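Got a new structure open and not sure where to start? Let's take a casual walk through it with a few questions and answers.

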Amino acid sequence: MKKLLLITLISVFALSVKAQEKPHLYNPSADAKAEISAAVKQASAQHKNVLLQIGGNWCSWCIKFNNQVTQDSSLNTYMNNNYVVLHVNYSQENTNDALMTSLGYPQRFGFPVFIVLDSKGNRLHTQNSEYLEEGKGYSKDKVLEFFKGWSPAALDPKSYTKTK
């Protein structure tokens, strides 16, 4: 009986430790500038834009956003068809100060904050994630509208010229 109790306690402890592990979407030791350069190169080859999700593993709203867009098949498909997505770390370990300066101080909006780059690496838009929220999460419609509004097709002049 003591063995059974001991095994149960060890199992409960192991599960509680696992439940307390934070997600690892963001890498504080990553070379964000190099990763962005690689993402831009990939976006150029694939005719996509780059979506930078800036935040940290400490940020519950960052995790919520990632979970929603990866678990909702229509959001995930649209996002991956139009963007190369990169998680850029902002945390106590690494605030990426030089990068944040070059991007126009997006941290002023809180986290997560999104930057859309074109396939040449030019910053097109900075999105305050607060405008995408609804209740205790994110609005699927608002997120999809954001994705569509900054997609390559939305920014292509051919989308707006009348054909005769």
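**Backbone oddities and pockets**

In this predicted model, Asn 96 is buried, at a relative accessible area of 14%.

Q: Where is Asn 96 found, and what is its phi?
A: Asn 96 sits in a loop, the one between strand S2 (83-89) and H5. Most residues other than glycine have a negative phi. Asn 96 is not a glycine, yet its phi is positive, near 50 degrees.

Q: Is His 47 buried or exposed?
A: This residue is in the loop between H2 and strand S1 (49-55), and its phi is also positive, near 55 degrees. A residue needs over 50% relative accessible area to count as exposed. His 47 has 66%, so it is exposed.

Q: What kind of peptide bond joins Phe 111 and Pro 112?
A: Look at the loop between H5 and strand S3 (113-117), where Pro 112 lies. Most peptide bonds are trans. Here, though, omega is about -5 degrees, and the bond joining Phe 111 and Pro 112 is cis.

Q: How much space lies in the largest pocket?
A: Rolling a probe the size of a water molecule over the atoms shows where empty space is left. For the largest pocket, that space comes to about 210 Å³.

Q: Which residues lining the largest pocket are closest to its centre?
A: There are 13 lining residues to pick from. Sorted by class, they are seven nonpolar, three polar and three charged. The closest to the centre are Lys 33, Ile 36, Leu 99, Ser 102 and Leu 103.

Q: Which element gives the largest share of the lining of the largest pocket?
A: Two elements give two or more residues each to this lining: helix H2 (32-46) and helix H5 (97-102). The largest share is four residues, and the element that gives them is H5.

Q: What is the volume of the second largest pocket?
A: Its lining includes Ser 44, His 47, Lys 48 and Asn 49, along with Asp 118 and Ser 119. Pro 152, Leu 155 and Asp 156 are also among the lining residues. The volume of this second largest pocket is about 160 Å³.

Q: How many polar residues are in the lining of the second largest pocket?
A: His 47, the exposed loop residue from before, is part of this lining. By class, the lining has two nonpolar and three charged residues, and the number of polar ones is four.

How values were computed: Residues are numbered from 1 along each chain as its sequence is written. This is a predicted model: local features need pLDDT of at least 70, side-chain atom pairs count only at pLDDT 80 or more; totals for chains, interfaces and linings use all residues. Side-chain values use heavy atoms; hydrogens and water are left out. On a 1 Å grid over the protein atoms alone, a cavity is a set of points where a 1.4 Å probe fits but cannot get out, and a pocket is an open set with protein on both sides within 12 Å along at least five of seven lines; lining residues have an atom within 4 Å of a point. Grid points are joined across faces, edges and corners, and a volume is the space filled by probe spheres set on the points. Ala, Val, Leu, Ile, Met, Phe, Trp, Tyr, Cys and Pro count as nonpolar, Asp, Glu, Lys and Arg as charged, and the others, Gly among them, as polar. Buried means under 20% relative accessible area, exposed over 50%, partly exposed in between (1.4 Å probe, protein chains only).
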